[in-house]
Amino acid sequence: MDLSIFSYLFMQNAILAGLLGGISCGIIGVFVVLMHMPFIGVAMSHAAFAGALMGLWLGFDPVIGASIFCLAASVVVGPLADRGQLSPETSLGVIFSLMLGIAFLFIGIIPNTRSAALDLLWGSILTTSGEDIVLLAIVAFLVVAIVLLFEKEIRATLFNRNVALAVGIPATLVLYCIILLTGATITVTLRSIGGLLIFSLILNPAAAAYQLTYSLKRMYLLSATFGVLSCWIGLIISYYLNIPSGATIVITSSLVFMLAAIFSPKRKTPELTQSSIQEAKQ
Amino acid sequence: MTEAVIQIENAVVSYRETIALRGVSLAVEKGEFIAVIGPNGSGKTTLLTVINGLVHLTQGQVQVLGRDINGGNRHALRRQVGYVAQVSNIDQRMPISVREVVMIGRYGLLGFFRQPSRRDWLLADEALSMVGMTHLAKRPIGHLSGGEQQRVAIARCLAQEPDIFLLDEPTASLDWKAQTEILELVKRIHDERHLTTLFVTHDLDALPHTCDRVILVKDGLIVGDNTPDKLISTETLSRLYNLPAEVVEVRRPHIHTRSH
């Protein structure tokens with residue numbers, strides 16, 4: 001078997017990035033799916049895009065600009081939704097449009113710098129540096145640690161914010177922290193994974209996991225596993241067929257979802273037996 | 001029955017431009033079983049959520065168990081107040097089992113960084129058995145019917161071991177049998193656990209006929225507060241619902257005869 005895939009440093013980094021990014025994206029994907037806010041991926045990547053352009057305009061590292069914008073946006077989403085009595089998804093839409101506006105503004109002001117910012121939006125797992133790996137590892141560790149430590153508070157808040165509040169959990173704070181953690185994860189994974197890839201890597205593994213279980217704990221585990229598998233299988237296919245890795249990872253994660261949906265036990269209908277009909281009649 | 005466990009003074013609550021409560025004062029003593037009735041949109045739910053601090057007070061003060069519900073210890077105070085919200089307020093697609101939903105009642109008491117112990121699970125199972133839902137413990141919550149979910153919500157409150165029990169239309173949209181059973185269940189829990197209970201309903205048929213006290217709410221004000229036999233008369237109902245007395249006479253449930 002051809003094992004040359006492991007001999008290149010960039011592939012080793014990509015495989016590590018797939019592991020770490022797959023775990024973080026898989027876990028925050030569970031929040032995103034259960035809170036019905038898939039748009040957060042797109043909104044955050046555009047916040048990063050606008051932030052990177054601002055960084056270029058002001059002459060500092062676009063990555064720092066992107067991080068500031070992403071974090072600021074994720075801090076604002078929750079309170080904006082509450083203050084305006086909107087759903088978080090609508091609040092995200094408002095932020096998304098603002099970010100898009102800012103991005104266009106900078107594109108107009110500073111010509112010929114578009115590609116640097118666009119790189120961030122598209123990203124590439126194959127250019128992941130050692131420094132990126134360290135950042136990805138920190139975020140993956142944080143995400144896993146927070147979910148383990150605050151499992152019950154998060155579970156209650158995802159179940160129903162008012163119920164969580166009523167039993168004495170500071171659910172509003174928990175919710176804002178969940179959104180902030182999601183934003184922070186996206187910010188850090190964006191550089192190595194890319195804005196478009198991140199959307200599918202958050203959504204598909206969690207949506208696939210949701211097809212297969214009624215347990216939240218198992219959903220976290222399955223989703224993280226699917227996230228990592230999508231990255232790894234996508235990378236292998238891309239390496240041996242010599243096609244773009246972003247595309248293969250996105251398509252793999254979609255296939256994982258489709259397979260999960262097909263084999264979902266949730267879709268099976270219980271058999272209507274003669275005895276059950278008799279029972280109902282009595 | 002002398003200790004005031006809930007003391008509301010001149011509570012004003014508004015949602016944007018709508019004023020839901022216009023200066024309501026109410027004192028509830030330990031062990032009372034109170035029914036709060038009134039038309040839709042009269043402020044009943046708001047009155048209930050003022051007690052556990054889920055709504056923001058524009059004016060006034062609320063003391064629960066001797067402490068300010070909007071003070072710094074509101075999360076701790078809420079742990080002592082069980083709250084059953086209206087049916088259908090939960091996401092039916094949430095991957096969580098009935099038993100886990102009941103355990104949420106204990107999450108606040110447990111506090112941060114502590115996992116449910118064997119005793120916690122025992123209390124949750126006991127609560128489930130009390131509402132007769134043990135056989136559905138492992139089912140996803142979304143697979144249950146409205147009445148069953150309502151029982152689970154009551155079990156969640158039981159697992160919380162509260163001192164005060166707040167129920168918001170727990171029987172709305174339930175069939176007659178489920179409605180009767182839930183009313184009996186609530187009364188039994190109230191007696192066995194020596195709770196202070198407030199029970200909100202717009203449906204006079206769902207009025208717990210064993211309650212000690214009835215509060216009539218209309219247009220954000222308390223317009224009546226007395227024992228059920230003194231308060232539930234044709235005249236008061238006619239005023240409460242803006243219906244002519246003769247219509248009320250035909251339609252109204254016969255509360256006096258039921259309690260005899």
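Here is a walk through this two-chain model, from the interface to the cores and then to some salt bridges. The model is predicted, so local features need pLDDT of at least 70 and side-chain atom pairs count only at pLDDT 80 or more, while totals for chains, interfaces and linings use all residues. Residues are numbered from 1 along each chain as its sequence is written, chains are lettered from A in the order in which they are written, and side-chain values use heavy atoms, with hydrogens and water left out.

Let's start where the chains meet. On the chain A side, 28 residues are in contact with 32 residues of chain B, contact being heavy atoms within 4.5 Å. The size of an interface is often given as the accessible area lost when the parts come together. Here chain A and chain B bury about 2800 Å² between them, 63% of it on carbon and sulfur atoms; buried area is the accessible area (1.4 Å probe) that two parts lose on being put together, summed over both.

What about polar links across that interface? There are 10 residue pairs in polar contact, both residues at pLDDT 80 or more. A polar contact is a pair of N or O atoms within 3.5 Å; within protein, one must be able to donate a hydrogen and the other to accept it, and residues adjacent in sequence count only if both atoms are side-chain atoms. The elements of chain A that give two or more residues to the side touching chain B are helices H7 (151-159), H8 (161-166) and H11 (216-241), and H7(A) gives the most, with six residues. Helices are DSSP runs (H or I, at least four residues), strands likewise (E, at least two), numbered from the N terminus.

The count of salt bridges between chain A and chain B is one, where a salt bridge is a side-chain nitrogen of Lys or Arg within 4 Å of a carboxyl oxygen of Asp or Glu. Glu100(B) and Arg155(A) meet in a salt bridge, at 3.3 Å from N to O.

Now for the nonpolar interior. A nonpolar core is a set of buried Ala, Val, Leu, Ile, Met, Phe, Trp, Tyr and Cys residues joined through side-chain atoms within 4.5 Å; buried means under 20% relative accessible area, exposed over 50%, and partly exposed in between (1.4 Å probe, protein chains only). The largest core has 134 residues, and those with the most contacts inside it include Phe31(A), Phe159(A) and Ile141(B). Helix H1 (residues 9-34) of chain A gives the most to this core, with 13 residues. Apart from it lies another core of 30 residues, among them Ala166(A) and Leu21(B). Back in the largest core, Ile141(B) touches, among others, Phe159(A), Ile90(B) and Met94(B), not counting residues up to four places away in sequence.

Over all chains there are 16 salt bridges, and chain B holds a few worth a look. Arg193(B) pairs with Glu126(B), the closest N and O atoms being 3.9 Å apart. Arg193(B) lies in the loop between helix H6 (176-192) and strand E8 (196-201) of chain B and Glu126(B) in helix H4 (residues 118-130), so this pair ties together parts that are 67 residues apart in sequence. Arg193(B) is partly exposed at 27% relative accessibility, and Glu126(B) is partly exposed at 44%. Glu192(B) and Arg188(B) also form a salt bridge, at 3.8 Å from N to O; being four residues apart in helix H6 of chain B, they are separated by about one helical turn.
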